[in-house]
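The following note sets out several points for a colleague to consider alongside the coordinates. Each point is kept short and may be read on its own.

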Amino acid sequence: MMRTNHIADQLSAVSTALEDASVDAYGDLSTSAVAALLIMRRSPAISIGTVAKEVRLSHSATVRLIDRLEKDWLVRRLRRRGREVMVELTVRGKRKAVEVAEARRKAAHALLGDIDESQLDNLSSLLKFILNDVESSACTRFCYDDPMEDEQVAENEPA
C-alpha cells in the first residue's frame, strides 16, 4: 500500500507539473474554458450539454462559460438541435485551442525528453492500461489527440 501511495503521489506530481507548465498559454482563460475549447476543437459543432458533460460543469455554469467565450469571439452559438443549443469555435477560437493544445503537448514533451525509446514504450503501455479502466472520456479533455487512438493516427497531427 505504501508503494502504491508513493506511485500515486508521483503520478499526481507529474500531472501538476504538466498543468503548471501549460498555464502560461491559457492567458486569462480559466481551466474550464481551456477544456471547453479543446473539446470543441475535436468537433465541428457540439451541444452545450455535451460540453457541460465533458468539462464537468453544470449546464448553467457551462452556459455562462459559453457566454464569456462568445464575448471574447472564441465561440459562436449555432442553430438549435431540438432543445439543445449547438456551439462551434470561431477562427480565433480554433487558433487559441491549437495554441493551448500545443503548449500542453510541448510541456509533456519536456517531461519525457530524457526517456529512451524502450522506456517510452513501457510507459505508453502502462498508461494505456490505466486509461482503459477510466470510465469517462472526460479525462482526455486536455489532450491534443485521443490517447487511446492508434499511435500512427495521432502522430499525423502537428506537434
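In which helix does S15 lie? The points below begin with that residue and then turn to the chain, one helix and a surface patch.

1. The model under review is a predicted one. S15 is placed in helix α1. With a relative accessibility of 47%, S15 is classed as partly exposed, because that class lies between the under 20% of buried residues and the over 50% of exposed ones. S15 and A108 stand 93 residues apart along the chain, and 9.5 Å separates their C-alpha atoms.

2. As to overall architecture, seven helices and three strands are assigned in the protein chain. Their order along the sequence is α-α-β-α-α-β-β-α-α-α. If one takes the contacts between residues at least 6 apart in sequence, 57% of them join residues at least 24 apart.

3. On burial and surface, 30% of the 159 residues in the protein chain are buried. The accessible surface of the chain amounts to about 10600 Å². Carbon and sulfur atoms account for 53% of that surface.

4. Helix α4 covers residues 59-71, a run of 13 residues. From its first C-alpha to its last, α4 reaches 18 Å, which is close to the 18 Å expected at 1.5 Å a residue. Just after α4, W73 adopts a positive phi of about 60°.

5. Which residues of α4 are buried? They are A61, T62, L65, I66 and L69. Viewed down the axis of α4, these buried residues fall within an arc of 140°, and they therefore line one face of the helix. The general background is that an α-helix has 3.6 residues a turn, so residues three or four places apart point the same way.

6. What covers the buried residues of α4? The cover includes two helices, α2 (31-41) and α3 (48-55), together with the strands β2 (75-81) and β3 (84-89).

7. A nonpolar patch of about 400 Å² is found on the surface, made by L11, L127, F129 and I130. Helix α6 (residues 117-132) supplies the largest share of this patch, namely three residues. L11, another member of the patch, lies in helix α1 (residues 2-22). Helix α1 is also where S15 of the opening point lies.

Note on methods: Residues numbered from 1 in each chain as written. Predicted model: local features only at pLDDT ≥ 70, side-chain atom pairs only at ≥ 80, totals over all residues. Heavy atoms only, no water. Helix = DSSP H or I, 4+ residues; strand = E, 2+ residues; numbered from the N terminus. Expected span 1.5 Å × (residues − 1). Buried < 20%, exposed > 50% of the residue type's maximum accessible area, 1.4 Å probe, protein only. Arc of directions from axis to C-beta. Contact = heavy atoms within 4.5 Å. Patch = residues over 30% accessible without salt bridge, like charges linked within 9 Å, V, L, I, M, F, W, Y side chains within 5 Å. Areas by Shrake-Rupley, 256 points an atom, 1.4 Å probe, with all protein chains shown as cover. Salt bridge = Lys/Arg side-chain N within 4 Å of Asp/Glu carboxyl O.
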